[in-house]
Amino acid sequence: MNFCGNCGQTLTYRIPARDDRPRFICENCDIIYYENPKMVVGCIPLWQGRILFCKRSIEPQYGKWTIPAGYLENGETVMEGATRETFEEAHAKVKNLKPYALYDLTFINQVYLLFRGDLVNLNFGAGEESLEVKLFREDEIPWDHIAFSVIRETLRQYVKDSPAGTFPFYISNISGE
């Protein structure tokens with residue numbers, strides 16, 4: 001940040017009184033700008049033992065596979081966000097969303113909350129951010145072409161949990177990509 005969104009003055013970067021970390025501060029109008037992690041929500045869309053994947057049409061990781069996920073928008077719940085992202089990226093509708101994993105990615109200031117959900121039907125297709133959308137059986141997952149480590153870790157855990165049909169909620173940390 002360079003300028004105050006309130007008055008337009010140049011910001012300084014220092015530790016404010018009674019705080020423990022540097023923040024952007026406007027010395028003119030005394031506004032302190034707090035930057036907080038971004039929330040990413042997503043879904044493992046399931047259909048008869050298969051997972052719906054999207055091949056990315058945007059950077060980062062153009063051409064690699066992922067599950068539908070993206071930034072939570074203001075004014076929506078985490079489940080609404082995961083449902084929206086699934087529709088935007090795969091034109092797919094999901095139901096019965098269940099929380100599955102929460103990951104802290106402190107190296108990029110993000111928190112991922114991923115759900116498991118059932119596809120309503122097989123009416124899906126590539127959205128704006130996808131080149132292709134495809135169902136994969138667990139033994140077909142393109143492990144060497146997964147876009148993000150957090151998605152890879154989530155899918156590894158899902159594949160381990162799947163045979164028993166028990167899906168506990170996981171909380172973990174992903175260090176640098």
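Q: In β2, which residue is the bridge partner of R14?
A: This is a predicted model, where local features need pLDDT of at least 70, side-chain atom pairs count only at pLDDT 80 or more, and totals for chains, interfaces and linings use all residues. Residues are numbered from 1 along each chain as its sequence is written, and side-chain values use heavy atoms, without hydrogens and water. Look along β2, a strand (a DSSP run of E, at least two residues, numbered from the N terminus). There, R14 has as its bridge partner R23.

Q: How many bridges join β1 to β2?
A: Strand β2 covers residues 23–25, and β1 and β2 run antiparallel. Two strands pair if DSSP finds at least two bridges between them. For β1 and β2, the number of bridges is three.

Q: Which are the edge strands of the open sheet with the order β1-β2-β3?
A: This sheet has three strands with antiparallel pairing. An edge strand here pairs on one side only. That describes β1 (12–14) and β3 (32–33).

Q: Which residues line the second largest pocket?
A: A pocket is an open set of 1 Å grid points where a 1.4 Å probe fits, with protein on both sides within 12 Å along at least five of seven lines; lining residues have an atom within 4 Å of a point. Three of the lining residues are nonpolar and three are charged (Asp, Glu, Lys or Arg), with no polar ones. The names to find are Y13, R21, P22, R23, Y33 and E35.

Q: Which residues lie nearest the centre of the largest pocket?
A: Its lining has 22 residues. Elements giving two or more of them include β7 (69–71) and β9 (110–119). Nearest the centre lie R56, A69, G70, Y112 and F148.

How values were computed. Helix = DSSP H or I, 4+ residues; strand = E, 2+ residues; numbered from the N terminus.
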